[in-house]
Amino acid sequence: MNPSLVLRRSVLSPLLVAALLCSGAPSPAAAEAAVGTPAPAFHLQDQHEAWVSLADQRGKWLVVYFYPMDQTPGCTTEACEFRDNIFAYRKLGVNVLGISVQDVASKKAFATKYSLPFSVLADADKSVAKAYGVLSMMGYARRDTFVIDPQGRIARHYIEVDPKTHSRQLLADLQGLVKPAS
């Protein structure tokens, strides 16, 4: 095989995969969960192997952010932005949950490495990403965020967010939605 072709393939393949992951193209059968409708239920394990469900969050404001993959640059940036702003979320009485399609072991390594003070949930069978309509054609979750109100309804949906600025933008928006916790 031509050496320059091998080199191009070895460079282009990861670039193509990265581009497709970041494109967030939804799977053809995906229907997004709509603002104003009940949020799709979930029951997933977090990095501590504890089960977390939407029902457990009832009565609280909740941020559920989907991200493509643990330990990747954009996903790490986004998780660390949520980590760095966690006290502001708590002051508003808002819980934060991250979800991607890797397994619990991956979540544990990711949360430990970056000292994440919130649950990151393993959606290994991709059922929750499908239910929320954020599963890409590549089989990863798109970088979308849902704000869920205390009654379990979707109050906001942010599509394909910027991992560097999203947490601060979300906090500003939440201040108009949520009364601070006492």
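# Cysteines, rings and one helix face

Mentor: Let's kick off with Cys 75, which is buried at a relative accessible area of 1%. Buried means under 20% relative accessible area, exposed over 50% and partly exposed in between, using a 1.4 Å probe and protein chains only. Bear in mind this is a predicted model: local features need pLDDT of at least 70, side-chain atom pairs count only at pLDDT 80 or more, and totals for chains, interfaces and linings use all residues. Residues are numbered from 1 along each chain as its sequence is written, and side-chain values use heavy atoms, leaving out hydrogens and water.

Trainee: And Cys 80, buried or exposed?

Mentor: Its relative accessibility is 13%. That puts Cys 80 among the residues that count as buried.

Trainee: How many disulfides does the count come to?

Mentor: You'd need a pair of cysteine sulfur atoms within 2.5 Å. By this rule, the count is zero.

Trainee: On to the rings: how many aromatic pairs turn up in the whole structure?

Mentor: Rings of Phe, Tyr and Trp (its six-membered ring) pair if their centres lie within 6.5 Å; planes under 30 degrees apart are stacked, over 60 edge-to-face, and the rest tilted. Searching the whole structure that way, the tally of pairs is ten.

Trainee: What kind of pair do Tyr 65 and Phe 82 make?

Mentor: Their centres sit 4.4 Å apart with planes at 20 degrees, so the pair is stacked. Tyr 65 is in strand E3 (61–66) and Phe 82 in helix H2 (73–84), so this pair ties together parts 17 residues apart in sequence; helices (H or I, at least four residues) and strands (E, at least two) are DSSP runs, numbered from the N terminus. The ring arrangement you asked about is stacked.

Trainee: And what about Phe 82 with Phe 118?

Mentor: Both are buried. With centres 6.4 Å apart and planes at 75 degrees, the pair is edge-to-face.

Trainee: Switching to helix H6, how far apart are its end C-alpha atoms?

Mentor: The expected span is 1.5 Å times one less than the number of residues. For the twelve residues of H6 (166–177) that gives 16 Å, and the model agrees, with the ends apart by 16 Å.

Trainee: Within what arc do the buried residues of H6 fall?

Mentor: Those residues are His 166, Ser 167, Leu 170, Leu 171 and Leu 174. Seen down the axis, going by directions from the axis to the C-beta atoms, they line one face of the helix because they fall within an arc of 130 degrees.

Trainee: Which residues are exposed on the other side of H6?

Mentor: An α-helix has 3.6 residues a turn, so residues three or four places apart point the same way. Away from the buried side of H6, the exposed ones are Gln 175 and Gly 176.
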